[in-house]
Every structure is written in structure tokens, then in C-alpha cells.
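This report walks through a protein model for a reader at the bench, taking its cross-links, its strands and two chosen residues in turn. The sequence and the structure come first, and the discussion follows them.

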Amino acid sequence: NYLQQYPSKMCSALLILMLWGQAFVESIRILELRVPGHAAEGGQALLGCQYDLEGDDLYTVKWYKDGREFYRFIPSNSEPSIYFSMPGVFVDLTKSASTVVALDQLTQESAGRYRCEVSGEAPYFVTVSEEKDIIIHLLPNSGPRLSELNNEYQVGDRLVVNCTSSRSRPRTQLKWLINDEPVSFEYLRGPWERISRERADARETTLELDLKLSPKHFRREVLTLKCQASIAPLYQNEVIRYIRQIQHPFTFNSEENFDKIVDFEENSYQNIIPTAVSQNDIMTDGVSMKKPSIWILFPLLCRFF
């Protein structure tokens with residue numbers, strides 16, 4: 001028959017068909033892998049894997065962490081979703097399917113490399129995969145706090161105050177602002193770190209502000225002091241304090257104001273004395289003189305005491 005007469009031609013034809021089919025199904029591809037680069041300890045993470053089978057049938061979708069399989073989806077099974085327990089990986093099967101896996105109760109051990117692997121059906125079982133890393137952060141459990149601080153200061157006072165974040169991993173970034181403008185590094189000390197009493201793997205961070213107050217620090221007699229704490233891209237918080245300016249009678253906001261006050265005092269003395277002594281005129285040696293009244297001069301005398 002034909003097969004016996006032309007065996008080599010038939011083998012060649014079958015090989016061509018197989019290669020053509022292989023090339024066809026190899027177009028299976030992952031369209032998008034959604035793995036958060038950063039996640040918070042104690043929180044959740046949603047892993048997404050969108051794929052295009054290009055005409056092939058889906059055999060399985062598998063998820064791996066650091067090379068170990070923890071989730072499998074087989075559409076032909078009566079229970080398609082299967083979860084394999086491992087440290088730091090807790091899958092919520094009620095929210096997981098072929099294109100998404102929900103992770104819950106994230107811990108420090110949840111950090112690592114996650115890979116999505118998609119396979120087509122027999123006979124080729126073509127498989128494609130992509131992977132991304134997740135970093136797990138321990139976020140502060142409260143906002144930044146300030147050391148003891150007065151509600152009022154005057155120009156010339158020294159302002160020294162600490163801003164401290166609660167425990168975190170990695171270190172919380174701290175930033176001082178006065179009237180919403182960043183404070184120059186020359187007025188900062190630190191940051192300093194210390195091991196948290198709550199957890200040995202976490203740190204508390206402190207940044208000190210130390211500067212002498214000048215008129216430019218007050219706007220309408222108020223200084224707005226702000227300390228910002230952040231762990232990009234998951235966390236940002238701040239604490240704000242409003243400090244009133246003490247208006248001391250001998251404290252001047254600027255040299256210009258000081259000159260105006262001095263001029264005002266000199267003119268006041270020149271104008272007050274003639275007015276005060278104009279009440280009674282007396283004659284002495286034929287010369288008209290003005291006799292001052294003690295009651296009129298009384299307010300003036302008080303100014304010198």
C-alpha cells in the first residue's frame with residue numbers, strides 16, 4: 001500500500017504537521033502579571049495572571065514562591081483550585097481562580113519571588129511563565145510623635161524638638177517642615193535608630209530639629225511646625241503643631257520696626273512737654289513763663305518709673 005511504498009514521505013508529512021501544530025500553540029502568552037512590588041505585613045495581596053491561549057485549551061495554571069508550588073488551578077477537576085501550604089503563604093480559595101490568587105495574613109516570610117505558569121492541553125502541554133518579587137514592610141502602628149514642646153516662643157529663642165516614629169521595617173523616613181518648607185540640613189541631627197521593644201526585627205527612628213527662631217519663622221505671629229513620616233510607597237503620616245509668637249515689649253520683629261518705634265518715642269517726648277506746661281503762664285523778671293501742672297505731668301513721670 002501507500003504507506004509501505006512511501007514510508008519516508010509519510011514520516012516527513014507527520015513531522016511537518018507536528019511542527020506546524022507546535023508553532024501554533026507556542027503563541028500562548030501571558031498578557032499581564034500583576035504582583036505588587038510592596039505589601040504591608042498583616043495585610044493582603046492580590047496576584048493576577050492574564051493570559052492568551054491563542055486557540056489552545058487550558059490545562060493548568062500554577063503559582064510558585066521561590067520555586068515551590070503553592071497554588072494550582074485545573075479546570076477539568078471537580079474542585080479546580082488546590083492550595084499547598086507553605087510558610088508565609090495563605091491563600092484565600094474563595095477569592096482565587098484561574099487568573100487571580102488572593103493572599104491573606106501576610107508575614108515577613110511572605111516576601112519573595114512569585115511565578116505564574118500557564119500550560120496548554122495535550123499533546124503539546126506548551127508552558128509559559130513570568131515572575132516578580134514582593135517586598136513585605138512592617139508599617140508603623142501609630143503616627144510620628146514629638147517631644148515636649150511649648151505652645152509659645154519668642155524671636156531669639158532656641159527651638160529644640162525630636163520627632164520619633166513608631167516601630168517599622170525598613171526604617172521610617174522623617175522630614176521636618178516649617179510653614180510647609182523643608183528645614184535645612186544644618187538644623188537637623190540624626191536620624192538615630194533603636195531596636196523596638198515590641199519586635200526585635202523593627203526599629204524606631206528619631207530626627208532632631210535645633211534652630212534659633214527669627215522673625216522669618218513666624219507668619220502672622222504663628223509658626224507651623226510639621227514632621228512627616230513615610231515608607232514609600234505604602235505609608236505616609238504627619239504631626240502638626242502651631243506655635244504662637246510671644247510679643248515682648250522689647251522684642252522687635254525686624255530692624256525696620258525697631259527704628260520706627262525709636263522715632264515714635266522721641267517724637268512723643270517732644271510733643272508732650274509743651275502741651276503739658278501750657279495751662280498756667282507766670283511772670284518772672286518780666287519774662288512770660290509757663291507753669292506746668294503736676295497733675296498734667298503725672299502720666300509723663302510714670303513713664304520714667
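Which hand does the link of Cys49 and Cys116 have about the S-S bond? The link of Cys49 and Cys116 is left-handed, with -90 degrees about the S-S bond. This answer, like everything that follows, is read from a predicted model.

**Disulfides**

A search of the whole structure finds 2 disulfides. A disulfide is a covalent bond between the sulfur atoms of two cysteines. In the pair of Cys49 and Cys116, the sulfur atoms are 2.1 Å apart. This pair links distant parts of the chain, since Cys49 belongs to strand 3 (residues 45-52) and Cys116 to strand 8 (residues 112-120), 67 residues apart. Both Cys49 and Cys116 are buried.

The other pair is Cys163 and Cys227, whose sulfur atoms are 1.9 Å apart, and the link of Cys163 and Cys227 is left-handed, with -85 degrees about the S-S bond. Cys163 lies in strand 12 (residues 158-164) and Cys227 in strand 17, so the disulfide ties together parts of the chain that are 64 residues apart in sequence. Cys163 is buried because its relative accessible area is 0%, below the 20% cut-off, and Cys227 is likewise buried, with a relative accessible area of 0%. With bonded cysteines counted along the chain, the disulfides of the protein follow the pattern 1-2, 3-4.

**Strand pairing**

The protein has 4 helices and 20 strands. The table lists some of the antiparallel strand pairs, each with its number of bridges and one residue pair from it.

| Strand pair | Bridges | Residue pair |
|---|---|---|
| Strand 13 (residues 173-178) and strand 17 (residues 222-231) | 6 bridges | Ile178 and Leu225 |
| Strand 13 and strand 14 (residues 181-182) | 2 bridges | Leu177 and Pro182 |
| Strand 4 and strand 5 (residues 68-73) | 5 bridges | Tyr64 and Glu69 |
| Strand 5 and strand 6 (residues 81-83) | 3 bridges | Arg72 and Ile82 |

Strand 13 is paired in the antiparallel sense with strand 17 and also with strand 14. Strand 17 is the strand that holds Cys227 of the second disulfide described above. Between strand 13 and strand 14 there is a hairpin with 2 residues between the strands, where Asn179 takes a positive phi near 55 degrees.

Strand 5 is antiparallel to strand 4 and pairs in the antiparallel sense with strand 6. Strand 4 and strand 5 form a hairpin with 2 residues between them, and Asp66 in the turn has a positive phi of about 50 degrees. In a regular strand the side chains alternate between the two faces of the sheet.

**Two residues in their surroundings**

Is Thr60 buried or exposed? Thr60, which is found in strand 4 (residues 58-65), is buried because its relative accessible area of 2% is under the 20% cut-off. A polar atom of the Thr60 side chain lies 3.2 Å from the backbone oxygen of Phe73. Leaving aside neighbours within four places in sequence, Thr60 is in contact with Arg72, Phe73, Ile74, Glu117, Val118 and Ser119.

Asn150 is found in the loop between strand 10 (145-146) and strand 11 (152-153). Asn150 counts as partly exposed because its relative accessibility of 44% falls between the 20% and 50% cut-offs. Leaving aside neighbours within four places in sequence, Asn150 is in contact with Arg241 and Ile243, while the C-alpha atoms of Asn150 and Tyr242, 92 residues apart along the chain, are separated by 9.9 Å.

**The chain as a whole, and confidence**

Of the 305 residues in the protein, 35% are buried. Among the contacts with a separation of 6 or more, 58% are made by residues 24 or more positions apart. The accessible surface of the protein comes to about 19100 Å², and 53% of that area belongs to carbon and sulfur atoms.

The mean pLDDT of the protein is 82, with 72% of its residues reaching 70 or more. Over residues 19-25 pLDDT stays under 50, and the model has 7 contacts beyond four places in sequence for these residues. Over residues 300-305 pLDDT also stays under 50, and there the model has 7 contacts beyond four places in sequence. Where pLDDT is low, the predicted coordinates should not be read in detail.

Note on methods:
Residues are numbered from 1 along each chain as its sequence is written. This is a predicted model: local features need pLDDT of at least 70, side-chain atom pairs count only at pLDDT 80 or more; totals for chains, interfaces and linings use all residues. Side-chain values use heavy atoms; hydrogens and water are left out. Two strands pair if DSSP finds at least two bridges between them. A disulfide is a pair of cysteine sulfur atoms within 2.5 Å. Buried means under 20% relative accessible area, exposed over 50%, partly exposed in between (1.4 Å probe, protein chains only). Contact means heavy atoms within 4.5 Å. Accessible areas come from the Shrake-Rupley method with a 1.4 Å probe; for residues, only the protein chains shown count as cover. pLDDT is the predictor's confidence in each residue, from 0 to 100. A polar contact is a pair of N or O atoms within 3.5 Å; within protein, one must be able to donate a hydrogen and the other to accept it, and residues adjacent in sequence count only if both atoms are side-chain atoms.
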